[in-house]
Amino acid sequence: MGTSLIMMRVLLFPGLILQSVLAGCNNWDQFGDSCYLFNETSIIWMQAMWSCYESGGWIVQIDSQDEDNFIVGLMKARYVDTVWTGGFATAHWQWMPSFIRIKEYTNWSQGQPDNAEGKEGCLSISKFSHYKWNDEACGNRHPFVCEKSANS
Ligand SMILES: [Ca+2]
Ligand SMILES: [Ca+2]
């Protein structure tokens, strides 16, 4: 009876089943309502943002301490010292490409952002800033993390 019930569902709701297979993170890592892709290729910030877009997501936007800790966990698991996030400075700090202003949750390392030599406008997380946030030159090359919704 169990098998026939499943068969009936397959026949009646193929679209529903297909949707449930397609939703979720597949080969991305899931945390909360998001999926994350850790890309260990070291590239400049702008290329990282485009790469995430081409992967069907966006460069990671960190909204909470829990999400921050999750990203740091991914870094440590892969022995990666520094990653790019989606933080970008114009007149103020914002997450790209959403343009959401960075103010609700922040985790700057002590003394950061310092815009050293007037050249730093992209947000990295680094072992060298105690796994907290640092602004650094966008032309530096680092691995990066992409994010997308787990429900789309
Ligand atoms: Ca996020
Ligand atoms: Ca800095």
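Q: Before we dig in, what is pLDDT?
A: pLDDT is the predictor's confidence in each residue, on a scale from 0 to 100. We need that here, since this is a predicted model.

Q: OK, so where does pLDDT stay under 50?
A: Over residues 14-21. For that stretch, the model has one contact beyond four places in sequence.

Q: And what does the protein chain average?
A: The average pLDDT is 90, and 85% of the residues score at least 70.

Q: Let's switch to helices. Which residues of helix α3 are buried?
A: In α3, which spans residues 45-54, they are Trp45, Ala48, Met49 and Cys52.

Q: Why do those end up on the same side of α3?
A: They cover an arc of only 100° around the axis, so they sit on the same side of the helix. There's a general rule behind the spacing too: an α-helix has 3.6 residues a turn, so residues three or four places apart point the same way.

Q: Cool. What covers the buried residues of α3?
A: The cover includes several strands: β2 (34-43), β3 (58-59), β4 (82-89), β7 (122-126) and β9 (142-149).

Q: And what is α3 followed by?
A: Glycine 56 follows α3, and its phi is positive, near 90°.

Q: Speaking of phi, what's the usual picture for that and for peptide bonds?
A: Most residues other than glycine have a negative phi, and most peptide bonds are trans.

Q: Which residue does a cis peptide bond join to methionine 96?
A: Proline 97, with omega about 5°. Proline 97 is in the loop between β5 (93-95) and β6 (100-101).

Q: What about glutamine 112, what is joined to that by a cis bond?
A: That would be proline 113, and omega there is about -5°. You'll find proline 113 in the loop between β6 and β7.

Q: Back to phi. What is the value for phenylalanine 99?
A: Near 65°, which is positive even though the residue isn't a glycine. Phenylalanine 99 lies in the loop between β5 and β6.

Q: Is phenylalanine 99 buried or exposed?
A: Exposed, because it has 9 C-beta neighbours inside 10 Å, and the cut-off for exposed is 12 or fewer.

Q: And where is tyrosine 131?
A: In the loop between β7 and β8 (132-136). Tyrosine 131 has a positive phi as well, about 60°, despite not being a glycine.

Q: Why does tyrosine 131 count as partly exposed?
A: Because tyrosine 131 has 19 C-beta neighbours inside 10 Å, while being buried takes 20 or more.

Conventions
Residues numbered from 1 in each chain as written. Chains lettered and ligands numbered in written order. Predicted model: local features only at pLDDT ≥ 70, side-chain atom pairs only at ≥ 80, totals over all residues. Helix = DSSP H or I, 4+ residues; strand = E, 2+ residues; numbered from the N terminus. Arc of directions from axis to C-beta. Contact = placed C-beta atoms within 7 Å.
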